[in-house]
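Welcome, and please have your viewer ready with the cartoon and side chains within easy reach. We will go from stop to stop, selecting a few residues each time.

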Amino acid sequence: MNLQLLELSGIGNKNLLDSLNITTILDLPEVGENLQDHLEWDADYLLKEDAPYETWDIYRNDPARDKAAWEEYTANRTGIYSASSATLGFFPLQTFPDAFNVTDLITELDSEFAAANVSAIRKKQFEIQRRHLVEGEVAQVEVVFLPKGGLAPSNYPVEPGRSYLSVITFFLRPFSAGSVHINTTNPFAAALADPNYNQFSLDSKVTAMWTKFARQVMLSDPIGQWIERPVQPPAAIETLEQWDEYVPSS
């Protein structure tokens, strides 16, 4: 990646470069800093056996049908393998006032950020990101519906012959920021990434609230009438406190 080339070439944080005996050509402490990415959580739901829908699980359950579908795709580029499996939605937090108290979230975020030791660039970025959050015109969360099971990380086996619906929830613009840096002069060695998750509590709270809200949607009609049970996370996770504890560990 580019930051490796820069740091190996002597462009980056002088303290880091000195520790690796790399001659500093240009001292730029921000190289490798400000790592941010979407936060993602997967959940799946077992459908009732009499649900009147076919999901992609039918191809897992029926190898002959799966083989025929693949042959159709390779021959004609048609059929299930040519289809998009996902339905997507993107929303500002203000779309769901029952799920998110934006005022409280911002108040706590401001307090935590004021106490944080961050660079001038991060402070400027924070101002822009905070404005987007407050104005409610930029999507902050995403939900993806997939007609198949087995996505959620867990130790349970997908039940043979059964069908699932999966929901993936994203927090698109977390405020926490990490870093990626070299720790060797070997150009073929992978850099070390520190995502610094949950530097600010808003990130974990929004993801917990959003994942909890997605569960509420999935268990409500018209979808809920065909759900037998949540599989992962388990049905025992109900309160916001339980979701807040579950999300960072998943």
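**Stop 1: a pair within one helix**

Begin by selecting E71 and K67, which form a salt bridge whose closest N and O atoms are 2.5 Å apart. Keep in mind as you look that this is a predicted model. Both residues belong to helix α4 (residues 63-76), and they sit four residues apart, about one turn of the helix. Is K67 buried or exposed? With a relative accessibility of 53%, K67 counts as exposed, whereas E71 is partly exposed at 40%.

**Stop 2: a pair between two helices**

Now select D110 and R130. Their side chains meet in a salt bridge, 2.8 Å from N to O. D110 comes from helix α5 (residues 102-115) and R130 from helix α6 (residues 120-135), so this pair ties together parts 20 residues apart in sequence. Colour the two by accessibility if you like: D110 has 26% and counts as partly exposed, and R130, at 27%, is also partly exposed.

**Stop 3: another pair, and a network**

Stay on α6 and pick K124 and E127, whose side chains form a salt bridge of 3.7 Å, N to O. The two are three residues apart in helix α6, a separation of about one helical turn. E127 is partly exposed, with 47% relative accessibility. For a wider view, select E49, E159, R162, E228 and R229 together: salt bridges with shared partners join these residues into one network. How many salt bridges does a search of the whole structure find? The total is 12.

**Stop 4: along helix α6**

Show α6 alone for a moment. Its 16 residues, at 1.5 Å a residue, should span 22 Å, and the end C-alpha atoms are 23 Å apart, which agrees. Next, highlight R122, F126, Q129 and L133, the buried residues of α6. These cover an arc of only 80° around the axis, which puts them on the same side of the helix. Turn the helix round to its other side, and you will find A120, I121 and K124 exposed.

What do the buried residues of α6 pack against? Bring back β3 (33-35), α5 and α7 to see the packing partners. Before leaving, step just past the end of α6 to G136, which takes a positive phi of about 70°.

**Stop 5: Q129, up close**

Zoom in on Q129, which has its place in helix α6. Q129 has a relative accessible area of 11% and is therefore buried, the cut-off being under 20%. Show polar atoms here: a polar atom of the Q129 side chain lies 2.9 Å from the backbone oxygen of R173. Leaving out residues up to four places away in sequence, Q129 touches Q36, R173, P174 and F175.

**Stop 6: the nonpolar core**

F175 leads on to the next selection. Which residues have the most contacts inside the largest nonpolar core? Select L93, F100, V141, F175, L202, V206 and W210; the core as a whole has 37 residues. The elements giving two or more residues to this core are β4 (39-47), α5, α6, β6 (141-146), β7 (164-171), α7 (201-218) and α8 (240-249). Of these, α7 gives the most, with eight residues.

Centre the view on F100. Setting aside its neighbours within four places in sequence, F100 is in contact with L93, V141, V206, M209 and W210. Apart from this core lies another one of six residues, and you can find it by selecting A139, L146, I168 and L172, which are among its members.

**Stop 7: a buried loop residue**

For the last selection, go to I237, in the loop between β10 (227-232) and α8. Is I237 buried or exposed? Its relative accessibility is 13%, so I237 counts as buried. Show its surroundings: not counting residues up to four places away in sequence, I237 touches R215, Q242, W243 and Y246. To finish, draw a line from I237 to R215, C-alpha to C-alpha: the two are 22 residues apart in sequence and 9.9 Å apart in space.

Notes: Residues numbered from 1 in each chain as written. Heavy atoms only, no water. Salt bridge = Lys/Arg side-chain N within 4 Å of Asp/Glu carboxyl O. Buried < 20%, exposed > 50% of the residue type's maximum accessible area, 1.4 Å probe, protein only. Core = buried A, V, L, I, M, F, W, Y, C linked by side-chain atoms within 4.5 Å. Contact = heavy atoms within 4.5 Å. Expected span 1.5 Å × (residues − 1). Arc of directions from axis to C-beta. Polar contact = N/O pair within 3.5 Å; in protein donor to acceptor, adjacent residues only side chain to side chain.
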